[in-house]
Amino acid sequence: MSGSYDDSVGVEVSSDSFWEVGNYKRTVKRIDDGHRLCNDLMNCIHERARIEKVYAQQLTEWAKRWKQLVEKGPQYGTVERAWCAFMSEAEKVSELHLEVKGSLMNEDFEKIKNWQKEAFHKQMMGGFKETKEAEDGFRKAQKPWAKKLKEVEAAKKAYHAACKEEKLAISRETNSKADPALNPEQLKKLQDKVERSKQDVLKTKEKYEKSLKELDNATPQYMENMEQVFEQCQQFEEKRLRFFREVLLEVQKHLDLSNLASYKNIYRELEQNIKTADAVEDLRWFRANQGPGMSMNWPQFEEWSADLNRTLSRREKKKASDGVTLTGINQTGDQVSQPNKHSSVSSYEKNQSYPTDWSDEESNNPFSSTDANGDTNPFDEDTSSAMEVRVRALYDYEGQEQDELSFKAGDELTKMENEDEQGWCKGRLDNGQVGLYPANYVEPIQ
């Protein structure tokens with residue numbers, strides 16, 4: 001047969017089998033899918049690396065924020081150190097997750113990228129060289145068999161048409177015998193038609209059987225050639241599958257921090273720090289530094305002095321007390337040294353200084369509207385020069401002294417002055433009340 005041949009024309013695909021004409025395209029498509037899967041895996045690893053980076057940043061920010069809150073908060077002693085150990089753990093784990101991010105991008109991602117470049121070669125006209133080679137190999141292997149299959153389909157169609165025509169001719173002949181209006185000549189034509197139809201059936205059947213036999217004889221070679229091309233595709237795909245397995249194992253090693261000695265040491269150290277928390281020691285420290293164990297300048301007889309006779313304003317008291325050291329009573333054996341930590345339990349103790357002289361006169365009352373020197377209550381001072389900021393309470397706080405504010409978590413108030421050295425701010429509630437509050441109990445309203 002002369003002329004060009006198209007293996008997709010005139011052939012009806014009767015099943016989903018690989019051996020049907022054109023069904024090799026799924027195997028060819030798998031090569032293109034392999035390149036796309038490399039991109040998918042790189043995108044997957046890139047997203048995970050981004051998650052590791054964000055998580056590391058969040059751990060660092062969390063550790064920084066809570067370390068400040070705990071250090072400025074009322075917790076003290078060994079329990080404070082145990083609490084802060086969690087922030088140290090977060091900082092160390094953050095560093096490890098940044099290392100994971102680096103390993104994913106610098107090692108795993110780059111490895112896939114380089115392998116993809118070496119395995120798939122782009123063509124000038126588009127597509128990949130490996131895909132075209134597989135497509136050409138399958139087409140070449142299938143073309144002779146597909147040509148014979150087309151001949152079989154044509155012979156089958158001709159045979160079935162002849163059988164149909166024979167049946168129709170026999171039916172007409174049978175009906176004509178019962179029709180008296182037909183003359184012998186017309187009846188003879190119908191009989192001849194039946195005879196020719198039978199001859200056509202025999203011829204088309206013989207041709208159909210012959211073409212089918214030729215197809216059967218060509219099938220073994222067809223299967224062998226197709227198997228050879230398919231095996232080449234299998235080998236190419238096997239390389240990709242084995243490479244993916246190798247990369248995924250490396251990703252698993254980078255993600256699995258439980259096998260790192262440094263990771264185990266972090267939690268071993270955290271456990272040790274928590275176990276060192278000692279309630280008895282902390283209570284002993286509090287007794288010595290905030291309780292009955294504190295030193296005290298008990299009242300003693302003092303001669304009259306013109307300087308001592310003058311009462312001090314609240315601000316003068318604070319300034320004077322900055323240089324006063326309490327003496328007169330030796331510390332008891334219960335006092336325990338602790339790391340430098342503000343030990344005040346209220347804003348009043350933080351901001352109020354104790355003068356060397358003491359008087360129960362009303363003029364010495366720090367909460368009176370006017371002190372002995374005529375200064376007004378510090379809460380009545382003009383704050384117009386300070387920049388007021390709206391803040392929101394993070395926790396409930398109950399004022400311990402008369403000059404302290406009380407609020408609930410979620411309440412909003414106005415910060416009138418910035419945080420002082422003792423960690424206290426001056427603010428105003430919405431009802432107009434002015435007072436002090438712990439700076440770490442609120443956050444600015446964005």
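In this predicted model, helix α1 (residues 25-72) packs against helix α2 (residues 77-119), and their axes come within 8 Å. The two axes cross at roughly 165 degrees. Angles over 145 degrees count as roughly antiparallel, and α1 and α2 are therefore roughly antiparallel to each other. Their crossing is left-handed. The contact of α1 with α2 draws on 25 nonpolar residues, along with 8 polar and 10 charged ones.

A second helix pair is formed by α3 (residues 129-177) and α4 (residues 184-255). The axes of α3 and α4 lie 7 Å apart, at an angle of about 165 degrees. Helices α3 and α4 are therefore roughly antiparallel to each other. The crossing of α3 with α4 is left-handed. In the contact of α3 with α4, 27 residues are nonpolar, 9 are polar and 15 are charged.

These helices belong to a protein with 9 helices and 5 strands. Along the sequence, the order of elements is α-α-α-α-α-α-α-α-α-β-β-β-β-β. The protein has 446 residues, of which 33% are buried.

Helix α5 spans residues 261-275. Gln272 has its place in this helix. With a relative accessible area of 48%, Gln272 is partly exposed. Gln272 and Ala82 are 190 residues apart along the chain, yet their C-alpha atoms are separated by 8.8 Å. Helix α5 also holds a charged pair, Glu271 and Lys275. Their side chains meet in a salt bridge, at 2.9 Å from N to O. The two residues are 4 apart in the helix, so about one helical turn separates them. Glu271 is partly exposed at 42% relative accessibility. Lys275 is exposed, at 63% relative accessible area.

The strands form an open sheet. All 5 strands take part, in the order β4-β3-β2-β1-β5. The pairing is antiparallel. Strands β4 (434-438) and β5 (442-444) stand at the edges. Each of these two has a single partner strand, so one side of each is left without a neighbour in the sheet. On average, neighbouring strands are turned by 50 degrees against each other, with direction ignored. Within the sheet, β1 (residues 389-393) is joined to β2 (residues 412-417) by 4 bridges. The strands β1 and β2 run antiparallel. Val389 stands opposite Lys415 in β2.

Charged side chains also form links across the structure. Side chains of opposite charge can pair when their charged atoms come close. The structure holds 20 salt bridges. One of them joins Arg26 to Asp16, with the closest N and O atoms 3.1 Å apart. This pair links distant parts of the chain, as Arg26 is in helix α1 and Asp16 is in the segment before α1. The two residues are 10 residues apart. Arg26 is partly exposed, with a relative accessible area of 43%. Asp16 is exposed, with a value of 58%.

Another salt bridge involves the side chains of Glu388 and Arg428, at 3.2 Å from N to O. This pair, too, links distant parts of the chain. Glu388 sits in the loop between α9 (347-351) and β1, while Arg428 belongs to strand β3 (residues 424-428). The separation along the chain is 40 residues. Glu388 is partly exposed, at 38% relative accessibility. Arg428 is also partly exposed, at 23%. Buried means under 20% relative accessible area, so Arg428 does not count as buried. Salt bridges can also join into a network, as with Arg390, Arg392, Glu412 and Asp430.

How values were computed. Residues are numbered from 1 along each chain as its sequence is written. This is a predicted model: local features need pLDDT of at least 70, side-chain atom pairs count only at pLDDT 80 or more; totals for chains, interfaces and linings use all residues. Side-chain values use heavy atoms; hydrogens and water are left out. Axes are lines fitted to C-alpha atoms, for helices over the stretch in contact, and angles run from 0 to 180 degrees between N-to-C directions. Angles under 35 degrees count as roughly parallel, over 145 as roughly antiparallel, 65 to 115 as roughly perpendicular and the rest as oblique. A crossing is left-handed if the near helix is turned anticlockwise from the far one by less than a right angle, and right-handed if clockwise. Ala, Val, Leu, Ile, Met, Phe, Trp, Tyr, Cys and Pro count as nonpolar, Asp, Glu, Lys and Arg as charged, and the others, Gly among them, as polar. Two strands pair if DSSP finds at least two bridges between them. A salt bridge is a side-chain nitrogen of Lys or Arg within 4 Å of a carboxyl oxygen of Asp or Glu. Buried means under 20% relative accessible area, exposed over 50%, partly exposed in between (1.4 Å probe, protein chains only).
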